[in-house]
Amino acid sequence: TVTNATVVSTPHEGNLVIQGKHRLANEIERIVQEHLQYVRESVSHGWDLIHQEGEMKVYRREVEENGIVIDPLKCFHTIKGVTGHEICRYFWEYQYRMEWETTLDSTKIIEVLDPDTVIFFQLHKRVWPAAQRDSCFWSHIRCISNSEEDQPTWLVVNYTTPHPLAPIKSPQVRLVANVALICETIINEPPLNPQDIKRENLECKLTYVALINPGGWVPSVGVRNVAKREYPRFIKRFTSYVVDQTRDKPILF
Ligand code: H13
């Protein structure tokens, strides 16, 4: 049911539905802006390069809060043949998730807030040390145009939120997350006619940022080892999945 929409009659367009703001609109705006700010900050002192493979670089900063590891993670990658929109679309869309995720038992959408924002409830595999984890988060996809000539920036943010349809049931532990995937598209040797752009002209510059609190004490060596192994694995598997899926499809700008 739509509760925050108003129908108005206009002399020229006839009836028109005006979509109001939903309850999480302000929070989403704030978190999106924070990520856009944070993404331009380069890694400097305190950030350790934990994995490098081809164009992929994964950094983390060791941080503990009350003895719980909450290391921020930042990954940079460049992927040939795809656009930022394609990368973000495949990351956000529910229908592809179980094809590239290897750390989930299940995923479901429990609420649709608007066409670009849904709330997910997920059960995580026990790659996480100790008890099984679940998560409940809003997931928002957005396109930001910088200028008329430049390709827009695409981003997806996943951010923990409570939900009446997803109560915390002990002994299950809830992950607390603030994750962003931010992508820019580069067009190399642009043909005169934009219609002639081929996949070989495309490159996507990806930044993935994850701030995850395991939601309870776990041995720090264990979490850090899992993170060091699983994040690069996810980036590799997910990006090759998108390359494979889009290879013979029209380019989604
Ligand atoms: O970002 C990834 N997957 C998203 C889509 O399923 C969900 C993710 C999220 C995670 C946790 C809570 C809420 C949302 O954004 C890919 C995640 C890869 C994770 C690799 C495992 C790393 C383990 C690190 C342990 C830190 C406590």
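Here are a few friendly notes on the ligand site and on one helix of this predicted model.

1. Let's start with the ligand's surroundings. A shell of 23 residues encloses the ligand, and the closest are Arg97, Glu101, Gln122, Asn158 and Tyr208.

2. Three of these side chains are worth a look for their polar atoms. In Glu101, a side-chain N or O atom sits 2.6 Å from an oxygen atom of the ligand. For Tyr208, the distance from a polar side-chain atom to a ligand oxygen is 2.7 Å. In Gln122, a side-chain N or O atom is 3.1 Å from an oxygen atom of the ligand. As for cover, the ligand taken alone exposes 680 Å², and the protein buries 98% of that.

3. Which elements give two or more residues to the shell around the ligand? They are the helices H3 (97–100) and H4 (220–246), together with the strands E9 (117–124), E10 (133–144), E13 (176–187) and E14 (202–213). Helix H4 provides the largest share, with six residues.

4. The make-up of the shell is a useful companion to those polar pairs. Counted by class, 16 of the shell residues are nonpolar, four are polar and three are charged.

5. Finally, do have a look at helix H2, residues 84–92. Eight of its nine residues are buried, so H2 is largely enclosed by the rest of the structure. The buried residues are Gly84, His85, Glu86, Ile87, Cys88, Tyr90, Phe91 and Trp92. Buried here means under 20% relative accessible area, with protein chains only taken into account.

How values were computed. Residues are numbered from 1 along each chain as its sequence is written. This is a predicted model: local features need pLDDT of at least 70, side-chain atom pairs count only at pLDDT 80 or more; totals for chains, interfaces and linings use all residues. Side-chain values use heavy atoms; hydrogens and water are left out. A residue is near a molecule or strand if one of its heavy atoms lies within 4 Å of it. A polar contact is a pair of N or O atoms within 3.5 Å; within protein, one must be able to donate a hydrogen and the other to accept it, and residues adjacent in sequence count only if both atoms are side-chain atoms. Accessible areas come from the Shrake-Rupley method with a 1.4 Å probe; for residues, only the protein chains shown count as cover. Helices (H or I, at least four residues) and strands (E, at least two) are DSSP runs, numbered from the N terminus. Ala, Val, Leu, Ile, Met, Phe, Trp, Tyr, Cys and Pro count as nonpolar, Asp, Glu, Lys and Arg as charged, and the others, Gly among them, as polar. Buried means under 20% relative accessible area, exposed over 50%, partly exposed in between (1.4 Å probe, protein chains only).
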